[in-house]
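Visitor: I should like to learn how to read the features of a protein model residue by residue. Please show me the structure, and let us begin with a single position.

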Amino acid sequence: MTGVLNFAAKALQVLYEDSAEVYRIQEQGNALDFQKIHSGIACHLSIDSKPVLQQGEAAATAQSEYTLFCPPDTDIREGDRVQVRHMGKTAWYDVGTAFSYDLNRLCRCTKRGVV
């Protein structure tokens, strides 16, 4: 069965037209900061929900939810930050829950910054 799963995982990777860099909180001296730990990861970014404008006491925000699909052995964890190049544009995302399956790794993400 492993051969079939490997074949299926490789077939899915044909759809990975995006590229990601992974940043993780690392201690550097006396400070904690995001450091790049992986780059050039083939992936696919898919939007889950359109942004909904929310007005608070401060500025209005509109969060967008995404799913990042990548190979199953990719080291992306909850709390990481990813920079994804998708359709010629680069944006930052905060990684929420990450799920690892036989065929791919699925990461729920929220877009950072003004959308």
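Visitor: In which strand is Ser39 found?

Guide: Strands are DSSP runs of E of at least two residues, helices are runs of H or I of at least four, and both are numbered from the N terminus. Ser39 is found in strand β2. This is a predicted model, in which local features need pLDDT of at least 70 and side-chain atom pairs count only at pLDDT 80 or more, while totals for chains, interfaces and linings use all residues. Residues are numbered from 1 along each chain as its sequence is written, and side-chain values use heavy atoms, with hydrogens and water left out.

Visitor: Is Ser39 buried, partly exposed or exposed?

Guide: Buried means under 20% relative accessible area, exposed means over 50%, and partly exposed lies in between, with a 1.4 Å probe and protein chains only. Ser39 has a relative accessible area of 47%, so it is partly exposed.

Visitor: Which residues does Ser39 touch, not counting residues up to four places away in sequence?

Guide: Contact means heavy atoms within 4.5 Å. On that basis, and leaving out residues up to four places away in sequence, Ser39 touches Ala20 and Glu21. The C-alpha atoms of Ser39 and Ser19 are separated by 8.1 Å, although these residues are 20 residues apart along the chain.

Visitor: What can be said of Gln26 and Ile47 in the same terms?

Guide: Gln26 lies in strand β1 and, at 31% relative accessibility, counts as partly exposed. Not counting residues up to four places away in sequence, Gln26 touches Ala31, Leu32, Asp33, Gln35 and Ile37. From Gln26 to Lys36 the C-alpha distance is 9.3 Å, with their positions 10 residues apart in sequence. Ile47 is found in strand β2 and counts as partly exposed at 43% relative accessibility. Beyond its neighbours within four places in sequence, Ile47 is in contact with Glu65 and Tyr66. Ile47 and Arg108 are 61 residues apart in sequence and 9.9 Å apart in space, C-alpha to C-alpha.

Visitor: How do the elements of the protein run from the N terminus on?

Guide: The protein has 1 helix and 6 strands, and the order from the N terminus on is α-β-β-β-β-β-β. Among contacts between residues at least 6 apart in sequence, 49% join residues at least 24 apart.

Visitor: How is an aromatic pair recognised, and how many aromatic pairs are there?

Guide: Rings of Phe, Tyr and Trp (its six-membered ring) pair if their centres lie within 6.5 Å; planes under 30 degrees apart count as stacked, over 60 as edge-to-face and the rest as tilted. By this rule there are 3 aromatic pairs. One of them, Tyr23 with Trp92, is tilted, at 4.9 Å centre to centre and 55° between the planes. This pair links distant parts of the chain, as Tyr23 is in strand β1 (residues 18-28) and Trp92 in strand β5 (residues 89-100), 69 residues apart. Tyr23 counts as buried at 13% relative accessibility, whereas Trp92 counts as partly exposed at 32%.

Visitor: Why is the pair of Tyr66 and Tyr93 edge-to-face?

Guide: The ring centres of Tyr66 and Tyr93 are 5.1 Å apart and their planes stand at 70°, so the pair is edge-to-face. Tyr66 lies in strand β3 (residues 61-70) and Tyr93 in strand β5, so the pair ties together parts that are 27 residues apart in sequence. Tyr66 is buried, with a relative accessible area of 11%, and Tyr93 is buried with 4%.

Visitor: Which residues have the most contacts inside the largest nonpolar core?

Guide: A nonpolar core is a set of buried Ala, Val, Leu, Ile, Met, Phe, Trp, Tyr and Cys residues joined through side-chain atoms within 4.5 Å. The largest one has 16 residues, and those with the most contacts inside it are Leu68, Ile76, Val82, Val84, Tyr93 and Cys109. At least two residues of this core come from each of β1, β2 (31-54), β3, β4 (81-86), β5 and β6 (105-111).

Visitor: Where is Met87 found?

Guide: Met87 is found in the loop between β4 and β5. Met87 is exposed, with a relative accessible area of 72%, and its phi is near 55°, a positive value in a residue other than glycine.
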